[in-house]
Amino acid sequence: MQIDINIIYYFEKSIFVIDPTLKINETTQSQIHRHSVLIEFMDIHCHARVYSFQIKKCNNPTCPYYKPIRLPSQKFYDLSFLPDLIPSQNIY
Ligand SMILES: [Zn+2]
């Protein structure tokens, strides 16, 4: 799988907006759990799994990271996180 370097750049830039005290070399769960602002953001907006990471707007106007949705509101509310991956039963 090829990862778009621009996505990584903008993700890193955005994560420092959420928690400017985060350091670029803090990458383990134990290090990240010391950043309560980031953890709170992730609890509300993210689904982190072994093989996937998803972010979704909360559409809560009181949220400090609030940006208006651009989808029709019904489509936004119908959106959900993708289901967790299930290992294949095919061993080949
Ligand atoms: Zn939010």
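**Exercise 1. Burial and overall dimensions**

Task: In this predicted model, find what share of the 92 residues of the chain counts as buried, and set the radius of gyration beside that of a compact globule.

Solution:
1. A residue is buried if 20 or more other C-beta atoms lie within 10 Å of its own.
2. By that cut-off, 1% of the 92 residues of the chain count as buried.
3. The radius of gyration of the chain is 16 Å, whereas a compact globule of 92 residues would have one near 12 Å.
4. The C-alpha trace spans about 50 × 40 × 25 Å along its principal axes.
5. Take the contacts between residues at least 6 apart in sequence: 25% of them join residues at least 24 apart.

**Exercise 2. Elements and confidence**

Task: State how many helices and strands the chain has, and which element has the lowest and which the highest mean pLDDT.

Solution:
1. There are four helices and two strands in the chain.
2. Their order along the sequence is α-α-α-β-β-α.
3. Over the whole chain the mean pLDDT is 88, with 95% of the residues at 70 or more.
4. Among the elements, the lowest mean pLDDT, 83, belongs to helix α1 (residues 5–18).
5. The highest, 94, belongs to helix α3 (residues 36–45).

**Exercise 3. Helix α1**

Task: Compare the reach of α1 with the expected value, and count its buried residues.

Solution:
1. Helix α1 has 14 residues.
2. From its first C-alpha to its last, α1 reaches 20 Å, close to the 20 Å expected at 1.5 Å a residue.
3. The count of buried residues among the 14 is zero, so α1 is hardly covered.

**Exercise 4. Asn 59 and Tyr 77**

Task: Place Asn 59 in the chain, describe its phi, and decide whether Asn 59 and Tyr 77 are buried, partly exposed or exposed.

Solution:
1. Asn 59 sits in the loop between β2 (53–55) and α4 (73–78).
2. Its phi is positive, about 60°, although Asn 59 is not a glycine.
3. Most residues other than glycine have a negative phi.
4. For exposure, 12 or fewer neighbours means exposed, 20 or more means buried, and counts in between mean partly exposed.
5. Asn 59 counts as partly exposed because it has 14 C-beta neighbours inside 10 Å.
6. Tyr 77 is in helix α4.
7. Tyr 77 has 11 C-beta neighbours inside 10 Å and therefore counts as exposed.
8. Tyr 77 and Asn 59 are 18 residues apart along the chain, and their C-alpha atoms are separated by 9.4 Å.

Definitions and conventions:
Residues are numbered from 1 along each chain as its sequence is written. This is a predicted model: local features need pLDDT of at least 70, side-chain atom pairs count only at pLDDT 80 or more; totals for chains, interfaces and linings use all residues. pLDDT is the predictor's confidence in each residue, from 0 to 100. The radius of gyration is taken over C-alpha atoms; the globule rule is 2.2 Å times the number of residues to the power 0.38. Two residues are in contact if their C-beta atoms, placed from the backbone, lie within 7 Å. The expected span of a helix is 1.5 Å times one less than its number of residues.
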